[in-house]
Amino acid sequence: EVPKERMVFLMLKKTYWKSLTPLVIVLTLGATILWAHNGVKDPIVIKRMKLMSSMADNTKVLGQMIRKQIPFDAELAMEALTAIGDLAKATPAAFEINVSDPKTGAKQIIWDEFKDFSELANQLADSAATSSISTYDDLRPVLMQTARSCKACHSKYRK
């Protein structure tokens, strides 16, 4: 039998690692996007990369709040979530023209499956529009849903 103190420690440890998952996803995506911008020349690709960077920046705000690196602020959280939704809504238009750059993370499959790609972006936009963050406890489910949406798209359409 596991001592009660050890059981509490194991539960806290599990909760700690679960709370780190969204932050790790956000930081990884953000760092990769920032690194990828270096040396890109095509203005359409640059615009797309800036859109994705803005999405990562807004997601990072939510991640910082959940990790208590910045104080919880419901208004700021909703502004970040609204921005994520607006950026997701703008994503299909940013990818309508099939241009590439050696530094881009976009795969050709985006344009081969543009309808499916657009649907994933629209699902994120809809999710952000229908979600609400009014308390600290609202952060985790919203951030997890956002991270799942980002991962669904990036897994298939990003190098």
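In what order do the elements of the chain run from the N terminus on? They run α-α-α-α-α-α, and the legends below describe close-up views of this predicted model.

**View 1. The whole chain, a predicted model with 6 helices and 0 strands.** Of the 159 residues in the chain, 39% are buried, and the chain exposes about 9500 Å², of which carbon and sulfur atoms supply 59%. Among the contacts with a separation of 6 or more, 74% are accounted for by residues 24 or more positions apart.

**View 2. The largest nonpolar core, which has 29 residues.** Met55, Leu62, Phe95, Ile110, Ile133 and Leu139 are the members that touch the most other members of this core. At least two of the core residues are supplied by each of helix H2 (43-66), helix H3 (74-94), helix H4 (109-112), helix H5 (114-130) and helix H6 (136-157). Once its neighbours within four places in sequence are left aside, Leu139 is in contact with Leu62, Met65, Ile66, Phe72, Ala77 and Ile133.

**View 3. Helix H5 and the elements that cover its buried residues.** In H5, the buried residues are Phe117, Ser118, Ala121, Leu124, Ala125, Ser127 and Ala128, and what covers them includes H2, H3, H4 and H6. An α-helix has 3.6 residues a turn, so residues three or four places apart point the same way. At 1.5 Å a residue, the 17 residues of H5 should span 24 Å, and the end C-alpha atoms of H5 are indeed 24 Å apart, which agrees.

**View 4. The pairing of H5 with H6, whose axes come within 10 Å.** Two packed helices are described by the angle between their axes and the distance between the axes. The axes of H5 and H6 cross at roughly 170°, and because angles over 145 degrees count as roughly antiparallel, H5 and H6 are roughly antiparallel to each other. On the H5 side, Asp116, Phe117, Leu120, Leu124 and Ser127 meet Gln145, Thr146, Ser149, Cys150, Ala152, Cys153 and Tyr157 in H6. Buried residues of H6 include Thr146, Ser149, Cys150, Cys153 and Tyr157, and H6 also buries Leu139, one of the core members named in View 2. For the 22 residues of H6, the span that should result at 1.5 Å a residue is 32 Å, which agrees with end C-alpha atoms that are 32 Å apart.

**View 5. Two buried valines of helix H2, Val45 and Val61.** Val45 has a relative accessible area of 0%, and, leaving aside neighbours within four places in sequence, Val45 is in contact with Val40, Val99, Ser100, Asp101 and Thr104. Although Val45 and Lys103 are 58 residues apart in sequence, they are 9.2 Å apart in space, C-alpha to C-alpha. Val61 has a relative accessible area of 18%, and this residue counts as buried because the cut-off is under 20%. Not counting residues up to four places away in sequence, Val61 touches Ile70, Leu76 and Ala80, while the C-alpha atoms of Val61 and Leu81, 20 residues apart along the chain, are separated by 9.3 Å.

**View 6. Lys68, in the loop between H2 and H3.** Most residues other than glycine have a negative phi. Lys68, although not a glycine, has a positive phi of about 60°, and this residue is exposed, with a relative accessible area of 63%.

Technical notes
Residues numbered from 1 in each chain as written. Predicted model: local features only at pLDDT ≥ 70, side-chain atom pairs only at ≥ 80, totals over all residues. Heavy atoms only, no water. Core = buried A, V, L, I, M, F, W, Y, C linked by side-chain atoms within 4.5 Å. Buried < 20%, exposed > 50% of the residue type's maximum accessible area, 1.4 Å probe, protein only. Helix = DSSP H or I, 4+ residues; strand = E, 2+ residues; numbered from the N terminus. Contact = heavy atoms within 4.5 Å. Expected span 1.5 Å × (residues − 1). Areas by Shrake-Rupley, 256 points an atom, 1.4 Å probe, with all protein chains shown as cover. Axes fitted to C-alpha atoms, helices over the stretch in contact; angles between N-to-C directions. Parallel < 35°, antiparallel > 145°, perpendicular 65-115°, else oblique.
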